[in-house]
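Here is a short tour for anyone meeting this structure for the first time. Take a look at the fold, then read on.

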Amino acid sequence: VRVLHAEDCRDLVQREGETVLALAQFENWLFAAGTDDVAVWDVTSLTRTGELKGHSGWVNSLTLDKPRRRLFTGADDGTVRIWDLDTLECTRVLKGDSGPVLAVAVSACGQKLYVGGDGL
């Protein structure tokens with residue numbers, strides 16, 4: 001994970017050692033999708049404080065539903081997982097039937113989940 005200043009792109013912090021495919025920030029947490037979990041980082045100290053486990057393949061994408069305090073993750077295992085941001089627990093697993101989930105997005109109203117993948 002690398003943190004850059006948004007205006008002049010100078011390096012602020014860099015932490016090496018893992019592959020990251022997608023990032024999202026919610027309050028003081030930074031979620032980093034990668035291997036078979038989602039790393040949870042504290043944005044103040046940029047230290048890894050935990051992980052969201054459950055996928056059995058690369059986690060390719062994630063998106064936040066901030067008003068409803070949910071995180072959606074999509075992975076190579078063909079699932080989308082819904083996480084409660086208050087408890088950091090998985091509340092639901094949606095299983096597709098057509099390969100890996102490469103992209104997820106949620107509508108502003110929180111009622112629609114958009115899922116993209118290979119062959120969808």
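## Before we start

One bit of vocabulary helps here: two strands count as paired if DSSP finds at least two bridges between them. With that in hand, we can talk about bridge partners: alanine 22 has alanine 33 in S4 as its partner. Keep in mind that this is a predicted model.

## The big picture

What is the chain built from? It has twelve strands and zero helices. Reading from the N terminus, the elements go β-β-β-β-β-β-β-β-β-β-β-β. The radius of gyration is 14 Å, close to the 14 Å that the globule rule gives for 120 residues, so the chain is as compact as a globular protein of that length.

Measured out along the principal axes, the C-alpha atoms fill a box of roughly 40 × 30 × 25 Å. Of the 120 residues, 37% count as buried. As for contacts with a separation of 6 or more, 30% of them come from residues 24 or more positions apart.

## The sheet from S3 to S6

Strands in a sheet pair through backbone hydrogen bonds, and they can do so parallel or antiparallel. One open sheet here has four strands in the order S3-S4-S5-S6, with antiparallel pairing. S3 and strand S6 (47-53) are the edge strands, each pairing on one side only. On average, neighbouring strands of this sheet are turned by 25 degrees against each other, direction ignored. S3 and S4 run antiparallel and are joined by five bridges.

## The sheet from S7 to S10

Another open sheet of four strands follows the order S7-S8-S9-S10, again with antiparallel pairing. Strand S7 (59-65) and strand S10 (89-95) each have a single partner strand, so one side of each is left without a neighbour in the sheet. The twist averages 20 degrees from one strand to the next.

Inside this sheet, strand S8 (residues 70-75) pairs with strand S9 (residues 79-84) in the antiparallel sense, over five bridges. Which residue of S9 stands opposite phenylalanine 72? That would be isoleucine 82.

## Two nonpolar cores

The largest nonpolar core has 15 residues, and the ones that touch the most other members are Phe31, Val38, Leu52, Leu62, Leu64, Leu71 and Leu85. At least two residues of this core come from each of strand S3 (22-26), strand S4 (29-33), strand S5 (37-42), S7 and S8. There is also a second, separate core of six residues, and Phe72, Ile82, Val104 and Val106 are among them.

## A closer look at alanine 24

Alanine 24 sits in strand S3. Is it buried or exposed? Its relative accessible area is 12%, and because the cut-off for buried is under 20%, alanine 24 counts as buried.

Who does alanine 24 touch? Setting aside neighbours within four places in sequence, alanine 24 is in contact with Trp29, Leu30, Phe31, Leu62 and Leu64. Alanine 24 and valine 115 are 91 residues apart in sequence, and their C-alpha atoms are 17 Å apart in space.

## And the cysteines?

A disulfide is a covalent bond between the sulfur atoms of two cysteines. How many disulfides does the structure hold? The count is zero. Cysteine 90 is partly exposed, with a relative accessible area of 29%, and cysteine 109 also counts as partly exposed, at 44% relative accessibility.

Conventions: Residues numbered from 1 in each chain as written. Predicted model: local features only at pLDDT ≥ 70, side-chain atom pairs only at ≥ 80, totals over all residues. Heavy atoms only, no water. Axes fitted to C-alpha atoms, helices over the stretch in contact; angles between N-to-C directions. Core = buried A, V, L, I, M, F, W, Y, C linked by side-chain atoms within 4.5 Å. Buried < 20%, exposed > 50% of the residue type's maximum accessible area, 1.4 Å probe, protein only. Contact = heavy atoms within 4.5 Å. Disulfide = S-S within 2.5 Å. Rg over C-alpha atoms; globule rule 2.2 N^0.38 Å.
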